[in-house]
Amino acid sequence: SGSGNAVLYLVNIADGSLIKKIDTGMGTADDPTTTTDADKRPNGLATVTPADVDGDSIVDYFYAGDLFGNLWKFDVTDDNNTNNWVVAHNAPLFTGVRSSVHQPITTAPSIRRHPTGEGLLVLFGTGKYLESSDANASTAVQSVYGIWDRDDGKAFTRNHLLAQTIQQETDVDGTDYRIISDNPLTWYTGATGTLPSTSSDGYLGWYMDLTTAEMQVTDTLVRGNRLIFTTLIPNDDPCSLGGDSWLMVLDYRDGGRLEPSVFDTNSDGVYDLDDLVDADDDANTEPVGVSGQKSNNGILQTPSLGSMADADRAYLGGSDGKGTDCAGQDCTDLGRDPSTRNRQSWRQLR
């Protein structure tokens with residue numbers, strides 16, 4: 001279009017007729033990557049994720065990111081009048097910006113009830129791998145976010161989020177693993193429509209920066225308390241299978257590491273304290289769990305999860321084209337999340 005705006009279309013699948021077009025109003029003129037009008041590029045909306053917050057099996061909101069780093073919330077709560085289907089609060093819910101550089105969002109976010117029971121936690125990563133120029137090594141740093149939607153329309157920034165970090169990459173028997181931080185997250189308890197003034201007031205979410213040139217361009221998964229995703233580090237070396245990837249598993253509630261390790265680092269088929277590794281950090285006096293495993297199969301896709309006896313099996317589909325050989329890491333077993341084991345619900349019959 002002439003505006004180059006990011007737009008959500010809702011279409012009747014029975015006959016193809018347009019039900020509603022919701023325009024974010026954010027387009028070519030707003031391109032944050034340049035100040036030269038001739039070089040400005042159009043925006044675009046990534047895949048949406050629906051949310052039914054009242055349990056009536058009718059979608060209430062859609063969440064989606066755009067190429068300019070904006071996370072949008074679309075309000076479709078009025079079942080009787082599509083004229084009231086709009087961009088919630090007429091503004092982005094959040095904009096990913098690091099060191100004045102906007103972080104594009106090209107994947108569908110994951111949605112979970114917020115740990116406090118109030119509002120939703122929106123989980124997504126940033127990065128773009130759509131054009132040939134995206135394959136070139138970049139100095140930009142992309143991030144993974146967990147954003148609290150309190151439905152108050154109050155804009156906030158990374159300064160209001162807890163930072164988790166990739167602390168170390170370590171080799172265990174020929175496989176590279178990552179150790180990440182487990183900084184405690186205290187949620188902000190101030191009144192709706194207000195923002196924390198200092199970190200001592202609490203936070204409105206969390207983020208974790210990836211390494212230089214690394215990006216998240218595959219959808220995230222949430223299983224139990226775990227946020228599972230793969231990353232991409234492009235490489236134009238013809239021997240590198242197009243790039244490298246990491247399989248990452250975090251605690252979605254605060255973005256920190258999980259204990260004990262979800263990876264079987266000693267390959268004994270058991271997920272226990274023996275899988276913890278030593279960290280090169282004076283603050284860690286005991287071995288800790290690892291939160292990421294580097295691919296031996298090139299670029300990884302969004303995992304497909306299957307349940308084994310004592311583990312969740314992540315089928316990864318690497319760019320080496322060798323199929324799902326767990327010994328070669330094209331699929332990886334993750335120790336079962338305790339929150340998904342045993343009885344999850346019950347119903348009284350009489």
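**Strands, sheets and a buried proline**

In strand S5, Phe74 is the bridge partner of Phe62. That pairing, taken from a predicted model, is a handy place to start, as Phe62 belongs to strand S4. S4 covers residues 61-65, and 5 of its 5 residues are buried, so the strand is largely enclosed by the rest of the structure. The side chains of S4 split into two groups: Tyr61, Tyr63 and Gly65 point one way, while Phe62 and Ala64 point the other way, and all are buried.

S4 has strand partners to look at in turn. With S5 (residues 70-75), S4 pairs in the antiparallel sense over 5 bridges. The two make a hairpin with 4 residues between the strands, and there Gly69 takes a positive phi near 90°. With strand S3 (residues 49-51), S4 also pairs in the antiparallel sense, this time over 3 bridges. Here Phe62 turns up again, standing opposite Pro50.

Gly69 leads on to another residue, Pro104. Leaving aside neighbours within four places in sequence, Pro104 is in contact with Gly69, and also with Asp66, Leu67, Thr126, Gly127, Lys128 and Gln142. Pro104 sits in the loop between strand S9 (101-102) and strand S10 (110-113). Is this proline buried or exposed? Its relative accessibility is 12%, and buried means under 20%, so Pro104 counts as buried. Its C-alpha atom is separated by 9.8 Å from that of Met215, although the two residues are 111 apart along the chain.

Next come the sheets. In general, strands of a sheet pair through backbone hydrogen bonds, either parallel or antiparallel. One open sheet here has 5 strands in the order S10-S11-S12-S16-S13, with mixed pairing. S10 and strand S13 (162-164) stand at the edges with a single partner strand each, so one side of each is left without a neighbour in the sheet. On average, neighbouring strands of this sheet are turned by 20° against each other, direction ignored. At the S10 end, S10 and strand S11 (residues 120-125) pair in the antiparallel sense over 4 bridges, with Ser110 opposite Leu123 in S11.

Another open sheet is formed by 6 strands, running S14-S15-S22-S21-S18-S17, and its pairing is antiparallel. Its edges are S14 and strand S17 (221-223); each has a single partner strand, so one side of each lacks a neighbour in the sheet. The twist from one strand to the next averages 20°.

Within this sheet, S15 (residues 175-180) has 5 of its 6 residues buried, so this strand is largely enclosed by the rest of the structure. S15 pairs with strand S14 (residues 166-172) in the antiparallel sense over 6 bridges, and Gln168 stands opposite Ile179. S14 and S15 form a hairpin with 2 residues between them, where Asp173 in the turn has a positive phi of about 55°. S15 also pairs with strand S22 (residues 292-294), again in the antiparallel sense, over 2 bridges; there Tyr177 stands opposite Gln293. Elsewhere in the sheet, strands S18 (residues 226-230) and S21 (residues 246-251) pair over 5 bridges, and Leu227 stands opposite Leu250.

Finally, the surface. Tyr9, Val11 and Leu18 make a nonpolar surface patch of about 300 Å². Tyr9 lies in strand S1 (residues 7-11) and, at 48% relative accessibility, counts as partly exposed.

How values were computed. Residues are numbered from 1 along each chain as its sequence is written. This is a predicted model: local features need pLDDT of at least 70, side-chain atom pairs count only at pLDDT 80 or more; totals for chains, interfaces and linings use all residues. Side-chain values use heavy atoms; hydrogens and water are left out. Buried means under 20% relative accessible area, exposed over 50%, partly exposed in between (1.4 Å probe, protein chains only). Two strands pair if DSSP finds at least two bridges between them. Contact means heavy atoms within 4.5 Å. Axes are lines fitted to C-alpha atoms, for helices over the stretch in contact, and angles run from 0 to 180 degrees between N-to-C directions. Patches are made of residues with over 30% relative accessible area and no salt bridge: like charges are joined within 9 Å, nonpolar side chains (Val, Leu, Ile, Met, Phe, Trp, Tyr) within 5 Å. Accessible areas come from the Shrake-Rupley method with a 1.4 Å probe; for residues, only the protein chains shown count as cover. A salt bridge is a side-chain nitrogen of Lys or Arg within 4 Å of a carboxyl oxygen of Asp or Glu.
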